[in-house]
Amino acid sequence: MIEAGRWLIIANGLAGIVALYRHFFRSANPTTVALSLLLLVLVLAANWGLRYAVVASIAATAVFNFFFLPPINTFTIADTQNWVALFAFLATSIFASHLSNRIREETAEANARRREADMLYRLGRQLLQPENVAQLLNFIPSSVATAFDSPAVALYVCDRDRIYLSDPKRLPLPVAPATGVGMGGAQVSTLRSGSPAPASDSDPTRASLLHALREAMLQPLFRPAPDGQPTAIPLHIGVRPSGSLLIEAATLSRETMEALSGLVSMSIERAQALENSARSEAAQESERLRTALLDSVTHELRTPLTSIKASVTALLSQQALDDASRTELLTVIDEESDRLNHLIEQAVEMAQLDANKVHLELRPQPIAPIIHEAVDQFQAECRAAHQPRDIRIALSATLPEILADAAWIHKVLANLIGNAIKYSPASQPIFVSADRQGSMLAVSVADRGAGIDPQEQEMIFDKFYRGQDHRQRVSGTGMGLAISRAIVNAHHGAITLTSQVGHGSVFTFTLPLAR
């Protein structure tokens, strides 16, 4: 129907030009008529192709001879020059049609390459999103199908010997499936979209797909697919075949196939490299933490164990000790045992928080009793040690309730207040305050100690890290702030530090308000 309409338009165009110059512009010379006919031929070649233009050229030559070259209204040519003009017109129209058609085809090809380049660019951006190899392999088929508007894409990875599908209900098979085996068979339809399928030969449908993917992986060149067949693209990492892609209902140029192969292969290789790098960093971090833990625990265990051992030895070897000396040695044993118990409790808490095995009993409650309880505990301990400290509390009477576990928040305050006592002079006060900040309640513990160097402030919350200037002078494990951060994070809050060397530090943590 469309083709018949085009031929009718060509016939009407030729008839219109003849009528125009025979009835309205009778004084026009043959050159003007020839150029008008040539213009019609060029328009046809540019829009409909060479086939229509060549036929129109021959018809225009006949019309030009019959109506405009003397003798008029006959196909006879009396003058030799008119023969030359006629054949020059025919040759010019056909050659110009060829050039116009060639430009049309090259323009269409350039537009197709541009569209494919845009598709590859969008696909490349999408393939940067997955964070690991497994997620990427599940993501590639659906992304390629979306980018190239394909109904089905299959990815085969030889290292894992698995097939990944964009649509589990449709396989891009190179041949029709075996009789009696449908696309929606049990082994196919139970897979999730993009999920991997074992490269098994038990299903004839899947066996055909697997055979095609393995053949595609081993083909040395990129060849366009025959009509009705999916496009097969081999994947290589370096010179080693790594897998293949089958893309249904997609016509791709050789250059696009090569670019797509390189893009997918590099994405997989990049994800694998990132995973290997992450594993290496994790192993190094684990080794660093293990070493730090051993150093910290060894040092912290040795001190109380040495005191306990010395006290017990003195009690056993010196039978004539008076009651005061005996009581003093027993007090040392009791205190150092408490210190050991505290160290072990911190290690257990840190392990539980890291493993997310801590159950928080979150409920609405005021922050003031928790703060007063923690402050009263430390003031009592300081008085018992004959080293009283000035701890000042500044709380508003209208503070809203928080959603928190009181026992764990008490541990956070105990760690922060304990650090303020250890790292600030006994003559300087410690300030504990709380204030509302939007939907959170901020609790701050401030001291007027030596402060923390800016280079160390980012690491101060790391496990087992202790400040360079204090690790030899003040005992500690380096776990208190790490535990505090883990507890606050578990409450969906945050803990921050503001410090200036020589002026002190302010630790602030936030907790969500009860609703």
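Which residue in β9 is the bridge partner of I393? In this predicted model, the partner is V432. The chain has 515 residues, of which 41% count as buried, and its secondary structure comprises 13 helices and 12 strands. The points below treat the chain as a whole, then one of its sheets with the helices across it, helix α13, the largest cavity, and two residues with positive phi.

**Chain overview**

- Among contacts with a separation of 6 or more, 66% link residues that are 24 or more positions apart.
- The exposed area of the chain is about 28,400 Å², and 57% of that area comes from carbon and sulfur atoms.

**The five-stranded sheet**

- An open sheet is formed by five strands in the order β7-β9-β10-β12-β11, with mixed pairing.
- The edges are occupied by β7 (391-394) and β11 (495-500); each has a single partner strand, so one side of each has no neighbour in the sheet.
- On average, neighbouring strands of this sheet are turned by 20° against each other, direction ignored.
- Strands of a sheet pair through backbone hydrogen bonds, in either a parallel or an antiparallel manner.
- β7 and β9 (residues 430-437) run parallel and are joined by four bridges; I393 and V432 are bridge partners.

**Helices across the sheet**

- Helix α10 (residues 368-384) lies across β7, β9 and β10 (440-446), and runs at about 170° to β7.
- Helix α11 (residues 406-422) lies across β7, β9, β10, β11 and β12 (504-512), with an angle of about 175° to β12.

**Helix α13**

- Helix α13 spans residues 480-490 and is mostly covered, with eight of its 11 residues buried.
- The buried residues are G480, L481, A482, I483, S484, A486, I487 and V488.
- H492 follows α13 and has a positive phi, near 65°.

**The largest cavity**

- The count of cavities of 30 Å³ or more comes to one, and the largest cavity has a volume of about 60 Å³.
- Its lining consists of L155, Y156, V157, D159, L235, I237, S242, G243, I268 and Q272.
- At least two lining residues come from each of β1 (153-157), β4 (231-237), β5 (240-247) and α8 (254-317).
- With three residues, β1 gives the most to the lining of the largest cavity.

**Loop residues with positive phi**

- Most residues other than glycine have a negative phi.
- D149 is not a glycine, yet its phi is positive, at about 50°.
- D149 is located in the loop between α5 (133-147) and β1; β1 is also the strand that gives the most to the lining of the largest cavity.
- D149 counts as exposed because its relative accessibility is 66%, and the cut-off for exposed is over 50%.
- H386 likewise is not a glycine and has a positive phi, of about 60°.
- H386 is placed in the loop between α10 and β7; helix α10 lies across β7, and β7 stands at an edge of the sheet.
- The relative accessibility of H386 is 71%, so H386 also counts as exposed.

Terms used
Residues are numbered from 1 along each chain as its sequence is written. This is a predicted model: local features need pLDDT of at least 70, side-chain atom pairs count only at pLDDT 80 or more; totals for chains, interfaces and linings use all residues. Side-chain values use heavy atoms; hydrogens and water are left out. Buried means under 20% relative accessible area, exposed over 50%, partly exposed in between (1.4 Å probe, protein chains only). Contact means heavy atoms within 4.5 Å. Accessible areas come from the Shrake-Rupley method with a 1.4 Å probe; for residues, only the protein chains shown count as cover. Two strands pair if DSSP finds at least two bridges between them. Axes are lines fitted to C-alpha atoms, for helices over the stretch in contact, and angles run from 0 to 180 degrees between N-to-C directions. On a 1 Å grid over the protein atoms alone, a cavity is a set of points where a 1.4 Å probe fits but cannot get out, and a pocket is an open set with protein on both sides within 12 Å along at least five of seven lines; lining residues have an atom within 4 Å of a point. Grid points are joined across faces, edges and corners, and a volume is the space filled by probe spheres set on the points.
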